[in-house]
Amino acid sequence: MELLQSQDLVQRTWSVVPYEQWADDLHTICGNFNPVTVGKGDGVIGAARGIDVGGMSFAHVSNNLDRVHRSMDDIRRDAKEHLFLIVQVEGSCGVEHYGRQSILDVGDCILVDSTKPTTFHFGGLFSNHLSMHLPRQIMYSEAKVGFDVARKLDGHDPMAVMLRALIAKIMTSGEDGSPHLRELMFNATRQAFVTGGGETALAPVSDSASKRLEIVDILIDRHLTDAELGAKWLATQIGVSIRTLQEDFQGLGVTCTTVIRDRRLRLARERIEQIREAGSKETIAEVAYSTGFNDISYFNRSFKELFACAPRDLLKQ
């Protein structure tokens, strides 16, 4: 199946959907976003629908909106974190993300981080794209190479062609799919967006708290399961005192320890879900240790506080 010619994704006519319905559908599938119509009271030509196939989740989003924005407030209200691999199927779309601006044409691909503000610009013109939801913590923690978020792959780029072919394969692989095919998709995405030299360059440390926290965020993702990861190690890496780093986090209303713990817990949740789907015999304790926890009781208690269910309950669902 050629992804860009799939009859499931490309329709000859699209119906008009009430704005509230379209916005609710997008929220259910992708999390908190703020769609803006060109004119007040306008309906939306297109649809926002979820597709679960091959053990992967997709969002198929078409519209003629002016723009769709995701702010830090929206991000804080969402419990799950993803990397969205977006393929433009029809029309074009402007993407403003991570300090970069890109125009997606048919066949182009881009990687978007759900934990960073994003604006999609349509200008009232019809746009149709498919977004694959990749588990963010798995993508970073198991990466052998550094890869770029917000960098566009041209539709004719062999890596973009490969990604579209893999997505098409997944979408025809059946309901359960193959764990090996999913792992291939994860690795192929990392390779497609790999940075020069295999490492993501860090910006120079700035006196600005927001710039320091951007660098810290990258360091946490790179070293999430490392035993030495903590406030002291991070402060040393960016050349500031622990107190300065703690004050930076206090400005966000959180602590460094909490951010690391919660990110590790999300990674643990993603791995537990993988174990459940694959029927693996890996234990909860092994997951806890592999994601940076040394105290199983603390892990279980923290997991239940964040997700309102015990790790074993999630494994049995």
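**Entry 1: W22**

I looked up W22 and found it in helix α1. The model is a predicted one, and I read each value below as computed from that prediction. W22 counts as buried, because its relative accessibility is 1% and the limit for that class is under 20%. I then took the C-alpha distance from W22 to E277, which comes to 31 Å for a sequence separation of 255 residues.

**Entry 2: the cavity**

I turned next to enclosed space. Rolling a probe the size of a water molecule over the atoms shows where empty space is left. With a threshold of 30 Å³ or more, I obtained a count of one cavity. The largest cavity holds about 140 Å³ of space. I listed 14 residues in its lining, and those closest to the centre are L26, F33, V61, F120 and H129.

Which elements each supply at least two residues of this lining? I noted α1 (19-30), β5 (56-63), β7 (82-91) and β12 (127-135). Sorted by class, the lining of the largest cavity contains eleven nonpolar and three polar residues, with no charged residues.

F33 also appeared in a second search. I found R70 over the face of F33, 5.1 Å from the ring centre.

**Entry 3: the second largest pocket**

I then examined the second largest pocket, which has a volume of about 920 Å³. Its lining is made up of 39 residues, and S57, K80, H82, E273 and E277 are the closest to the centre. E277 is the residue I had paired with W22 in the distance check of the first entry.

I recorded the elements that give two or more residues to the lining of this pocket: α1, β4 (47-53), β5, β7, β12, α5 (179-192) and α9. Which of them gives the largest share? The answer is α9, with seven residues. By class, I counted 14 nonpolar, eleven polar and 14 charged residues in the lining of the second largest pocket.

**Entry 4: helix α9**

I checked the length of helix α9, which covers residues 256-278. Its 23 residues should span 33 Å at 1.5 Å a residue, and the C-alpha atoms at its ends are 33 Å apart, so the expected and computed values agree. Just after α9 I noted G279, which takes a positive phi of about 70°.

R269 was the next residue I looked up. R269 lies over the face of F307, at 4.8 Å from the ring centre.

**Entry 5: aromatic pairs**

I searched the model for aromatic pairs, and the count is six. One pair that I examined in detail is formed by W14 and F126; it is tilted, with 5.6 Å from centre to centre and 45° between the planes. Why does this pair tie together parts that are 112 residues apart in sequence? W14 lies in the segment before β1 (16-17), whereas F126 lies in the loop between β11 (118-121) and β12, so the pair links these two parts.

I also compared each partner with the burial limits. W14 counts as buried because its relative accessibility is 18%, and the limit is under 20%. F126 has a relative accessibility of 25% and therefore counts as partly exposed.

I noted one aromatic cluster as well, formed by F293, Y298, F299, F303 and F307. F307 is the ring whose face R269 lies over.

**Entry 6: residues in loops**

Is F193 buried or exposed? I found a relative accessibility of 0%, so F193 counts as buried. F193 is placed in the loop between α5 and α6 (209-222). Its C-alpha atom is separated by 8.0 Å from that of L111, although the two residues are 82 residues apart along the chain.

I then listed residues other than glycine with a positive phi. Y98 has a positive phi of about 60° and is not a glycine. I located Y98 in the loop between β8 (93-97) and β9 (100-104). Its relative accessibility is 37%, so Y98 counts as partly exposed.

A150, also a residue other than glycine, has a positive phi near 80°. I located A150 in the loop between α3 (136-141) and α4 (158-171). A150 counts as buried because its relative accessibility is 2%.

Terms used: Residues are numbered from 1 along each chain as its sequence is written. This is a predicted model: local features need pLDDT of at least 70, side-chain atom pairs count only at pLDDT 80 or more; totals for chains, interfaces and linings use all residues. Side-chain values use heavy atoms; hydrogens and water are left out. On a 1 Å grid over the protein atoms alone, a cavity is a set of points where a 1.4 Å probe fits but cannot get out, and a pocket is an open set with protein on both sides within 12 Å along at least five of seven lines; lining residues have an atom within 4 Å of a point. Grid points are joined across faces, edges and corners, and a volume is the space filled by probe spheres set on the points. Helices (H or I, at least four residues) and strands (E, at least two) are DSSP runs, numbered from the N terminus. Ala, Val, Leu, Ile, Met, Phe, Trp, Tyr, Cys and Pro count as nonpolar, Asp, Glu, Lys and Arg as charged, and the others, Gly among them, as polar. The expected span of a helix is 1.5 Å times one less than its number of residues. Rings of Phe, Tyr and Trp (its six-membered ring) pair if their centres lie within 6.5 Å; planes under 30 degrees apart count as stacked, over 60 as edge-to-face and the rest as tilted. Buried means under 20% relative accessible area, exposed over 50%, partly exposed in between (1.4 Å probe, protein chains only). A charge sits over a ring if NZ of Lys or CZ of Arg is within 6 Å of the ring centre and within 35 degrees of the ring normal.
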